[in-house]
Amino acid sequence: MNETEKTQAVDRQEHIAFRVGEQEFCVEITSTREIRGWSQATRIPHSPDYIIGVINLRGSVLPIMDLSARLSMGFSDPSERHVIIVVKVDEQVMGLLVDSVSDILDVGPDDVRAVPERGLSTEKEMFSRVIVFEDRIISEISLEAIMPEVELKAA
Amino acid sequence: MSLEDIKYTFFAECADQMSELETGLHEIQSDGPDMDTVNAVFRAVHSIKGGAGAFGFNALVSFAHVFENALDVIRNDLSQVNEARMDLLMRSVDVLSDIIEAERSSTEPGDSSELAGELETAFGLSAAGEEDDGEEAMADFAPVMIDLGDLDLGDAPSGHAYRISFAPHTSLYLKGHDPLKFIRELSELGTVTTTCDLDGLPKLSEMSPDESYLKWTFVVETEKTQDDIDAVFEWVDGECDLSIEKEGVDADGEEANLDDFLNMIGEEPAGEDAAPLLAEEDDFGQEITSAEPDELLSDAGEPSPVEAPAAETPEVSEEPSNQSFSEAGENVDASAGQKQEKKEIKKPSQTIRVESEKVDRLINLMGELVINQAMLAERIGQAGFGSAAPTVLALNELQNLTREIQSGVMAIRAQPVKPVFLRMSRVIREVCAATGKKALLTLEGENTEVDTTVIEGLSDPLTHMIRNAVDHGIEDPEKRIAKGKPAQGTVHLSAYHSSGRIVIEIQDDGAGINREKVLEKAIEKGIVSRDQKLSDDDIDNLIFAPGFSTADAITDVSGRGVGMDVVRQSIQALGGRVNISSKPGEGSLFSMTLPLTLAVLDGMIVKEAGQTLVLPVSAVLETATIKPGDVYTIGNSNRVVKMRNTLIPIIDVGRQLGFSEMRSDYTKGTILVVEGGKDGMGAFLVDSIEGQQQVVIKSLETNYQRVPSIAAATILGNGQIALILDVDHIVSNLVTEPAGNIIEAMAG
């Protein structure tokens, strides 16, 4: 492998793309642990509304976040057709409920755009960047930003 | 093994020795000096010194040396113990532990020369005598095997001949030992006659150059004791078959054959029979310790022997005496003989050192097993077998086994609270030094065992409470004398088991809680309002309220910005509760109850608002269905149930957790009367009770965060997660609603 190829390999990142409602989003494949089907969750009291509950992931307690609700796009009605993407953020593991997984993207530096400054509300901070891939617009979710707020921990 | 590994072992040993040391000094302080204890203490310091020398921890060596010499004074004459000296020794323990900590973290140890000087003065040690002795200390590094040569009590017979059979294993050579070295060392002790046994030598054609074939018999005539001979072979313990017999001593008092012998060491009482045999010869090897048969891992014995060939015989680790053994030894075989020289120091049973991760892994797996078993039980239940069907009976059998395995596994991780308790005596000394008060810590039930995870969480709240007890509880010496109390206050720390939980109590004989002051402060801080009527108990418990501190001035000791509310929180985080009761002028009693483990609990499974929830069985006092006439409404929406003339507030669990609206009909559900810590009882109203089951505690915080009203989660037989309710929190939060006070007032 020569130098140029090496650099390219480093710069290119694989992303998992998925649909929530009409839109496409993605997360870096390195943060994903697994993808699994929906199973009935146990509700947690005194939780933000976008936390559906917890499920049993091979003996550990996995919280499930309704990504649609988190991005203020309305509540999902979880069903067999939904998919849970298990992601790891720092030391926490969280399941993201999405409509479907669409693709695995190999994203190079040329495909990436900054998140537009205007026209987006407070949800802007939940995206780290926008990927323009062929003719699709895919927003990359900032996993750190969507994690439940710290202030809730004090409650 | 790298040097770091060896150091790690050394510091682990140090921790053990320090605990031995503290325990011993504590015993001396409370029960007066006795030779065994003094020797144990001496040995601990000596071992630390020896190990430290090997690593070149000079500060540690020199201080331990002075310490050791001071203890030697007591060892030589028990009447040398007095209060001032004990105090000095206790402080030396603190300093020693600081130096060890500094060496461990590779920081510069603090200056210990001042205390060393005090020790020398107080015990009349001459600085001159130390130097040469110090050299020796560098040489006899013995962190694991303790040099018992120094511990000889002086009444061993002199001028004996010892017959030593020595058959090295191959491993001895592999480790770079040389039999010639032992012969040389033995000849320093006295006259040695050496015979080499060539019988094991095969034909040249069959000989392997890597094998060990030769055996030796040494007859040593010496003035020295057997301990000195033992010391020669100390390093090759387990690497050779070794037996040391005193010549000309007949052992005909006992006809020990193998069976008797094994019985003897297998049973506690039999040990007593054997004890007198060796008392005449060796005061230290005599502690006959036998592995408790029910202790799971104790059979594995000492971890040290590298090539223990005793696999087919039960591991025989302790010998009642050398004499009886040499008789039995003919029957047993050489494999047991090799361990004959193992010295067992005053310890209750054999122990092994296991990394805690391994135990944690085992406990996690055990948790999975419990869950899987619950799943199996559920499937079998669904299949509709009768209760006497073989499948069901087999399942019951399995459940019993699981329970036993579980308690066995938990017992591995259970530890006595002693180390934490002993640490508290240091806390007391420090607080006393800072405040000029006088207080003594007395301990009770320090061998009570509890899961290590609980012990870890215990240290901080306990430290804080002990500090508080001395700082706020115990009065100044003058005040105490004026009140007719002894100038020295007492803080009594005790632990015991009670209905599946551990209870820890801190009792001081100080002034008790100044209720007027507490109330005044609480009103001032807006914690309670002036017109609230509070019982004495309520006032006492105000000290746990957030942001409460009564000290007039923030003291160095307990006014660190955290109050008793932090103590309460950390105990609640462990699933425990804390209570206080106080008598003015006589002192206060803090009592906390904690679960024995943070891994499993007996749960009451209930259904409420479509959710399955778990309550700890230990919190449930009784269950009942409500009859229409028993429910009373107080004010707008507070309902109480009358049970045996007590009014208990009804807690609508579904509503409390935000799962459902408040019920309109209270008579449809079932109530569980629960004990909710200091806030008294609550009647939890749920749809139905599903049953009782052991559940594995899973943290919600690992992947999520702490949820109010929820203690933890668990996984049920159907694979679903159920939440375990934090009963105390739910009860407390209900009562702190303003209207709740009315109920309480009425119930009271």
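Is B:Leu201 buried, partly exposed or exposed, and what is its relative accessible area? In this predicted model, B:Leu201 is partly exposed, because its relative accessible area of 37% lies between the limits of 20% for buried and 50% for exposed residues. The residue is located in the loop of chain B that runs between β2 (190–197) and β3 (215–222). Together with B:Leu198, B:Leu204 and B:Met207, B:Leu201 forms a nonpolar patch on the surface. The accessible area of these four residues together is about 390 Å².

Chain A was examined next. This chain comprises 155 residues, of which 46% count as buried. Its secondary structure consists of four helices and eleven strands. When contacts in chain A between residues at least 6 apart in sequence are considered, 55% of them join residues at least 24 apart. The exposed area of chain A is about 8300 Å², and carbon and sulfur atoms supply 47% of that area.

Two residues of chain A were notable for their backbone geometry. Most residues other than glycine have a negative phi. A:Ser72, by contrast, has a positive phi near 55 degrees. A:Ser72 belongs to the loop between α2 (67–70) and β6 (83–89) of chain A. With a relative accessibility of 51%, A:Ser72 counts as exposed, because the cut-off for that class is over 50%. A:Asp90 is likewise not a glycine, and its phi is positive at about 50 degrees. The loop that holds A:Asp90 connects β6 and β7 (92–98) of chain A. A:Asp90 is also exposed, with a relative accessible area of 62%.

The interface between the two chains was then characterised. The size of an interface is often given as the accessible area lost when the parts come together. For chain B and chain A, the buried area is about 2100 Å², and 55% of it comes from carbon and sulfur atoms. On the side of chain B, the residues that lose the most area to chain A are B:Asn703, B:Tyr704 and B:Ile721, which together account for 35% of what that side buries. The contact involves 24 residues from chain B and 24 residues from chain A. Zero salt bridges were counted between chain B and chain A, whereas eight residue pairs are in polar contact across this interface, both residues of each pair being at pLDDT 80 or more. The elements of chain B that give two or more residues to the side touching chain A are β21 (710–715) and β22 (721–725). Of the elements on this side, β21(B) gives the most, with three residues.

Over all chains, a search of the whole structure finds 26 salt bridges. One of them joins the side chains of B:Asp509 and B:Arg480, with an N to O distance of 2.9 Å. This pair links distant parts of the chain, 29 residues apart: B:Asp509 is in the loop between β9 (501–508) and α19 (515–524) of chain B, and B:Arg480 is in helix α18 (residues 477–482) of chain B. B:Arg480 is buried, with a relative accessible area of 0%.

B:Arg706 takes part in salt bridges with two acidic residues, B:Glu701 and B:Asp726. The N to O distance is 3.7 Å in the pair with B:Glu701. In the pair with B:Asp726, the closest N and O atoms are 3.8 Å apart. The latter pair connects distant parts of the chain, with B:Arg706 in the loop between β20 (688–696) and β21 of chain B and B:Asp726, 20 residues away, in the loop between β22 and α23 (727–735) of chain B. B:Arg706 counts as partly exposed at 33% relative accessibility, and B:Glu701 is partly exposed with a relative accessible area of 42%. B:Asp726 counts as buried, because its relative accessibility of 14% is under the cut-off of 20%.

Further charged residues of chain B are joined in a network of salt bridges, which links B:Asp94, B:Asp98, B:Arg426, B:Arg429 and B:Glu430. A polar contact of 3.0 Å is found between the side chains of B:Arg75 and B:Asp72. B:Arg75 is placed in helix α3 (residues 58–76) of chain B, and at 14% relative accessibility B:Arg75 counts as buried.

Key
Residues numbered from 1 in each chain as written. Chains lettered and ligands numbered in written order. Predicted model: local features only at pLDDT ≥ 70, side-chain atom pairs only at ≥ 80, totals over all residues. Heavy atoms only, no water. Patch = residues over 30% accessible without salt bridge, like charges linked within 9 Å, V, L, I, M, F, W, Y side chains within 5 Å. Areas by Shrake-Rupley, 256 points an atom, 1.4 Å probe, with all protein chains shown as cover. Buried < 20%, exposed > 50% of the residue type's maximum accessible area, 1.4 Å probe, protein only. Contact = heavy atoms within 4.5 Å. Buried area = accessible area lost by both parts, 1.4 Å probe. Polar contact = N/O pair within 3.5 Å; in protein donor to acceptor, adjacent residues only side chain to side chain.
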